[in-house]
Amino acid sequence: MMKILESIPPISSAFIILFTSMLVFSNTQLPTNNDFIVKHSKRFLDRVPKNLPSETTMLDLSENNLSLLLSSDFSSLTKLKLLNLSYNLIRELDANIFRFNSKLQHLDLSHNHLKNITCSSLQHIRGLQYLDLSSNKFENIFHCKEFSSFLHLKYLGLSATRIQTSYLKEIEHLGTLHIFLGLEHLSYYEPGSLQVLSTDKLHIVLPVFIQDTFILNDIMNTSRTLEISHFRCNKSCDYLMESLSTISKNSKVSTLIFNNITVTWQDLIQIFKAVWYSSIECLKVHHLMLVGEFPYFVPFNYAKTSLKALSIQHSTSKIFYHRGPPHPSQTYSEMMIENFTFVDNDMIHFICPSKPSIFRFLNLARNKLTDTVFQNCDNLPLLETLILKYNRLEKLSAVSTMTSSKKFLKHLDVSNNKLQYENGEDCHWSETLLTLNLSANRLADTTFGCLPINVKILDLHNNQISHIPKTIMTLTFLEELNLAFNWLTELPDCSHFSSLAVLHVENNSLHSPSSHSLQICQKVRVIKAGNNPFRCDCDLKDFINWGKQSAGDVIEWPESYMCQYPEDVKGTLLKDVLLSEVSCNTAVLLGIILGTLAGIMLCISCLCLYFDLPWYFKMMWNWTQTKRRIRNTNPKDIQKNLVYHAFISYSQQDSIWVKSYLIPNLEKGDGSVQICQHERDFVPGRSIIENIINCIERSYKSIFVLSPNFIQSEWCHYELYFAHHRLFTESSDNLILVLLEPIPQYLIPSKYYKLKALMAKRTYLEWPKEKRKRGLFWANLRESINVHLPKPNQETVKVFNINQENDSEPNTCSLNLIENTTYSAVL
Ligand SMILES: *[C@@H]1O[C@H](CO)[C@@H](O)[C@H](O)[C@H]1NC(C)=O
Ligand SMILES: *[C@@H]1O[C@H](CO)[C@@H](O)[C@H](O)[C@H]1NC(C)=O
Ligand SMILES: *[C@@H]1O[C@H](CO)[C@@H](O)[C@H](O)[C@H]1NC(C)=O
């Protein structure tokens, strides 16, 4: 893991941190993932901080006020690979300072006040690849015999005020080196000194006022790439031309770079002339200041040059306006070279070559070119790449017709202009165009009506496209489409781009990219769609799944994909949003609801079967009905002559059940319930019928214990008849049927039609076989005979037992009367 340790600067600013970190590692070595970076630049430090972490591999102490370094300052940093001490006030280096830093590869001591270095301080750091000692106060070229053992050195930066041959001996043999020589303050030069150098690249900063031509002469043949900075010809540039003329066809230099030079137009042309027939293949002139007037002639015969590439960047001209042809750009347009770069030069127009040129690569970026550039220009027949970015082009139609005559044009970059296109305007692109960069313009949806038919890479990012029209030309070969930073609300429809493989739609207005588009864009391997205002609801589910599945091909997934809506998930990463299959899929949702319902039904059915729930419900219903009835009955309505709560009619066969279950459970032994029972309560001397009638009339309810036995008893039928009769005459339901055993319909003789009708019509209480149900059964029964009886008269009733008389008869009904005394005693 790469770790970066930042002490917070006094003026805490993220920008400074970023900026310094860019500087520290520019041009040198990029940190790898295993590096531990400590940055302390621009902190006004005058001492190296103590307690630096010992695992530090890169330490930046540049731009501070360090003047004195102690031998112990870096002794704990044994893993140090890069040390930047540039832009400080260091005057001296201790001989032992790098004793424990044998891993050091990059050491930047430039821009300090060093006058001398003890050579032995270098003996511990022989693995150095990069050593910058330039811009110090060395008088002579700093040299040590230790240099010869620096076998890995690739870059050496030096500066001096005096140069003598003897001081260059140690570096003369370092063949593959990039040497930087800062000679701004040169006061003495021993002729021939620099001739001994033999490097890959030599960058020399010339003295402000060059005193003699020797230096230039001496360096002209030292390296493959020669960079000359700060060169100005004040009166005459003859000595430069003289030096340049020493570069022969066979000399070593192939790239010549002039950096920061001030010359006249004539001198510039002289420079061209000097390199035109030499070994130089590439000439770069950067930061060019042109003085004097433009000469109104076409310079010289440009044919047959060794030059392949010319680059003029950032030139300014003090006096720059011409009265008529030739145009200043003609100086360049007639050149017979393949690569021409003419960037950042404020050029308003670039003239079409007067005869077929051999330009293949033309970079005219950052000028002020308008739509007229290269219109109707047929003399660029070989042009393959044309870069016109950062200019003032306005009409896409003009650009398209400009390309039509370029038969080999493959790459066109017209980004960062002001291009627009209106429907119906002319549109004729070169059919050879493969790459078209239209980014950062003002193009809208109409652009899709004017595109080169064979384009493979199309960059339309940073425009004003809100949607791709349905009817557009089909771009069969388009592989890469960049629509980032537009106003799109929907993913593009790939049906027009059947080969599309790479799609950029980040920073648009996509709320919920539809899965439909994703399906159509099947060939798309790589997509970048971050920083859109995603609405995280079910519509986005397919997109999220797709992102998760193909994470490697979704660039910047997951960190750039965040919900914007709805409000409660704003800022949540798409990958963390929970959208369950259930809540998003109607079919599944419906299935689950129905399934749950079915499950519940099944459970209920099982419960019913197992616990006989319907029975309980029926009983509860009876209970509540009875309660309600009791509430609705006026107690005064209950006949005054009622003496018993209930009269029980049963078959003799069922008497065991009646005696051991029914009566004990109704009476509960506390005497609050009076039951008319024949064995105790029948009045002697009266006929049985009389007794029965009497009993029924004086009871609040009549309970009939129904069983097959009961049905076969004649008596019972009478009893039932009486009770039924009263039921009808007084319309009070005083009848309670208890079904002791199930009675099959066929068992009921047809003459008992009243019983049949009763059983069919009335709900009866069934005697439950299961013990657990019996509590409710009794409660129900008790509730239905529960009534407040009026105080009885003190009438003594003798017990009449009819059982004796009917002993012979197996199937008799028992008529019961409860003794009044018992009743009153209890009360
Ligand atoms: C050291 O720091 C300076 C200034 O911050 C920077 O310009 C330079 O490139 C750095 N050197 C190295 C070797 O990183
Ligand atoms: C010329 O330009 C092409 C295309 O950019 C490039 O590949 C080539 O290296 C350039 N040649 C020289 C000599 O700079
Ligand atoms: C198009 O130009 C822009 C800006 O000039 C650049 O950032 C981008 O990389 C270019 N696109 C392609 C595909 O080269």
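This is a short selection-by-selection tour of a predicted model, with stops at its disulfides, two further cysteines, one helix and one ligand.

**Stop 1: the disulfides**

Start with the cysteine sulfurs. How many disulfides does a search of the whole structure find? It finds three. A disulfide is a covalent bond between the sulfur atoms of two cysteines. Take the pairs in sequence order.

Select Cys352 and Cys377. A disulfide joins them, with an S to S distance of 2.0 Å. The pair links distant parts of the chain, 25 residues apart. Cys352 sits in the loop between β16 (339-343) and β17 (361-363). Cys377 sits in the loop between β17 and β18. Set the torsion about the S-S bond on display: it is 80 degrees, and the link is right-handed. Now switch to a surface view. Cys352 is partly exposed, at 26% relative accessible area. Cys377 has 1% relative accessibility and counts as buried.

Move on to Cys427 and Cys450. Their sulfur atoms are 2.1 Å apart and form a disulfide. Again, distant parts of the chain are linked, here 23 residues apart. Look for Cys427 in the loop between β19 and β20 (435-437). Cys450 is in the loop between β20 and β21 (457-459). Is this disulfide right-handed or left-handed? The torsion about its S-S bond is about 95 degrees, so it is right-handed. Buried or exposed is worth checking here too. Cys427 is partly exposed, with 25% relative accessibility. Cys450 is buried, at a relative accessible area of 0%.

Next, select Cys536 and Cys563. A disulfide joins this pair, S to S 2.0 Å. Cys536 lies in the loop between β25 (534-535) and α8 (541-549), while Cys563 belongs to strand β26 (residues 563-565), so the bond ties together parts that are 27 residues apart in sequence. The torsion about the S-S bond is -95 degrees, and the link is left-handed. Both Cys536 and Cys563 are buried.

**Stop 2: two more cysteines**

Select Cys603 and show its sulfur. Which cysteine holds the closest sulfur? The closest is in Cys606, 6.5 Å away, which is too far for a bond; a disulfide needs the two sulfurs within 2.5 Å. Cys603 is partly exposed, with a relative accessible area of 48%.

Then jump to Cys282. Its relative accessibility is 18%. The cut-off for buried is under 20%, so Cys282 counts as buried.

**Stop 3: helix α6**

Select residues 396-403, the span of helix α6. Why is this helix largely enclosed by the rest of the structure? Seven of its eight residues are buried, so the surroundings enclose most of it. Colour the buried ones: Leu396, Ser397, Ala398, Val399, Ser400, Met402 and Thr403. What do they pack against? Add β18 (385-387) and β19 (411-413) to the view; the buried residues of α6 pack against these two strands.

**Stop 4: ligand 2**

Finish at ligand 2. Show the residues around it: Ala309, Asn339 and Phe361 surround this ligand. Zoom in on Asn339. One of its polar side-chain atoms lies 2.2 Å from an oxygen atom of ligand 2. Now turn on the ligand surface. Ligand 2 has 360 Å² of accessible area on its own, and the protein covers 40% of that.

Key. Residues are numbered from 1 along each chain as its sequence is written. Chains are lettered from A and ligands numbered from 1 in the order in which they are written. This is a predicted model: local features need pLDDT of at least 70, side-chain atom pairs count only at pLDDT 80 or more; totals for chains, interfaces and linings use all residues. Side-chain values use heavy atoms; hydrogens and water are left out. Buried means under 20% relative accessible area, exposed over 50%, partly exposed in between (1.4 Å probe, protein chains only). Helices (H or I, at least four residues) and strands (E, at least two) are DSSP runs, numbered from the N terminus. Contact means heavy atoms within 4.5 Å. A residue is near a molecule or strand if one of its heavy atoms lies within 4 Å of it. A polar contact is a pair of N or O atoms within 3.5 Å; within protein, one must be able to donate a hydrogen and the other to accept it, and residues adjacent in sequence count only if both atoms are side-chain atoms. Accessible areas come from the Shrake-Rupley method with a 1.4 Å probe; for residues, only the protein chains shown count as cover.
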